[in-house]
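User: I would like a close look at a single strand and its partners.

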Amino acid sequence: MLELRGLSKHFGGVKAVDELDITVDEGEIFGLIGPNGSGKSTTINLICGVYEETAGTVRFREELMNGKQPHQRLRAGIARTFQNIRLFPNLTVWQNLWVARNSPQDLAAQGFLSRWFGATRRTRREIAELLEFADLEHKGDELASNLAFGEQRRLEFARAAAARPKLLLLDEPAAGMNRQEIHDLSGRIRRMRDSGVTILLVEHVMELVMGVAERIAVLNFGQKIASGTPGDVQRNRAVQEAYLGTSESDSPPVDTGD
Amino acid sequence: MIDFVQNTVDGIMFGSSYALLAIGFTIVFGVMRRLNLAFGATIMLGAYAGTWLHVHHEVNLVVVALTTLACTVLAGIYVERLCFHAVRRDAALASMVSSFVIWMQLEEVAIHLLPERTYAFPSLFIAGSFEIGPLLFRGEQTTMLVLAAVMVGALHLLLQRTRYGLALRAICENPRAADYMGIDTPRVMLCAFALVSLIGGVAGYTILATDEQITPFFGLWATFKGLIAMMLGGMGSLPGAILGGLVLGVVEAHALWYLGNEYKDLSAYVLLFAMLVLRPGGFMGQRILGREELAFRRV
């Protein structure tokens, strides 16, 4: 599904990501973890086309993604959420979802008029489903800026889903969430996967990753130091050393160049 | 007293076309965070194409109007491709400088098209005046106001109710997030240029049809009026552009009446000066600052 080969990104002399090889299979929930500054966010940014790689390749469903713009990658099926929320604050919740529906099948299914001007009945129904998915049924007409923090996070998740991705990149979706919200989020991630979306989860909150991911890769200083099932990774010596001295579950989210 | 009211009414009517010019600047600024200095020149060139047909082929009013609009849109797209599409997003200054250069180029083209200094521009034949009570409504200016109101209404619907309008607003609010939502930003921007050129073309046509003459300096004039009206209202704000245009029109109308023609343009600069001293962000500037800050926090 997603294949990173020898992927590197250097900022001047800093090797933010160095010779990274990762393969994500269709239909799995793949976790990407590592201490602050280990290159997780850079990896996401390379996959969705924010940064241009220094070396290596990104293949998505056999297709080479190198050199493609973010909106082209999205149309190929890669959607993402952001570590720090990036909604459109002065659009309503409903409009935030509508404006995100740019997948090829959406555009092809719509005539010229409905593509640019109105929403078809099917679109309305699907947006209603997304609102239900995000637990925001009664907030459709609210401005996004008026939502509470947790609601904004849920809306961002739903907005990424609105693009009908085949691969969804979640960049620290649990940052700032309490236990109950993390529990709900796990359910939402599984539900998403069960509907046929492959998930790549970048996360600090171990409780979430260990609970929901089927395979995990661990980064440190831009390199992959371990990979395997959550159990394998937890027992791995190198991983324990990389995390030594940092409290795993509540280290503060630091912006790693996003 | 009645003079004052009459001047205010005249000012609002003429100001409505300033508002359209300001909208043209403010939409491009809002979406791209860049200034399109060639905006006035594209309108001038479009109107010159219409005038050329009128001078050489004596076509009727409707053809002149349609040619003006169509050529303004074409010129607008030309400017977008050359100065905005081709220039990287973070190189705002390069866009501004190149749009200035294109302004000069478009002026040259116009001068070669019609080499004399001034040409007659066909006036609106539907323009009969009428009176309501003691107030006189000049036909051309009433047409101007009605057309401007229709344009603003249509623009409002477009921005609030359509997916294209939402995409445009999404780009204004958070260009990078819009990219990740799969919004085809280059295409939306091209459409935005065509849209503002159409709006500017309507404003230019009604102004010229009222003045009944055209010179290559119309580009400069339209750029000044549009920029001043935008600055008065607050850069990037649509309601601000409308308000700024109307205020500018009213102030100029009063200056023309009480001080004379030579003070009309001066009054616009004095007004802008006063605004920059008292409230540098313009009428609606505060909200823009707030949004900018918000955007900054989110990046």
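Which residue is the bridge partner of A:Leu168 in E8(A), and how is that strand placed?

Analyst: This is a predicted model, in which local features need pLDDT of at least 70 and side-chain atom pairs count only at pLDDT 80 or more, while totals for chains, interfaces and linings use all residues. Residues are numbered from 1 along each chain as its sequence is written, and chains are lettered from A and ligands numbered from 1 in the order in which they are written. The bridge partner of A:Leu168 in E8(A) is A:Ile199. Helices (H or I, at least four residues) and strands (E, at least two) are DSSP runs, numbered from the N terminus, and E8 of chain A spans residues 198-202. Strand E7 (residues 167-171) of chain A pairs with E8(A) in the parallel sense over five bridges, where pairing requires that DSSP finds at least two bridges between two strands. Strand E3 (residues 29-33) of chain A also pairs with E8(A) in the parallel sense, over four bridges, and here A:Ile29 has A:Ile199 as its bridge partner in E8(A). A:Ile199 is thus named as a partner of A:Leu168 and of A:Ile29.

As for its surroundings, E8(A) is mostly covered, with five of its five residues buried; a residue is buried if 20 or more other C-beta atoms, placed from the backbone, lie within 10 Å of its own C-beta. Both faces of E8(A) are covered, since A:Thr198, A:Leu200 and A:Val202 are buried on one side and A:Ile199 and A:Leu201 are buried on the other.

Notes:
Buried ≥ 20, exposed ≤ 12 C-beta atoms within 10 Å, placed from the backbone.
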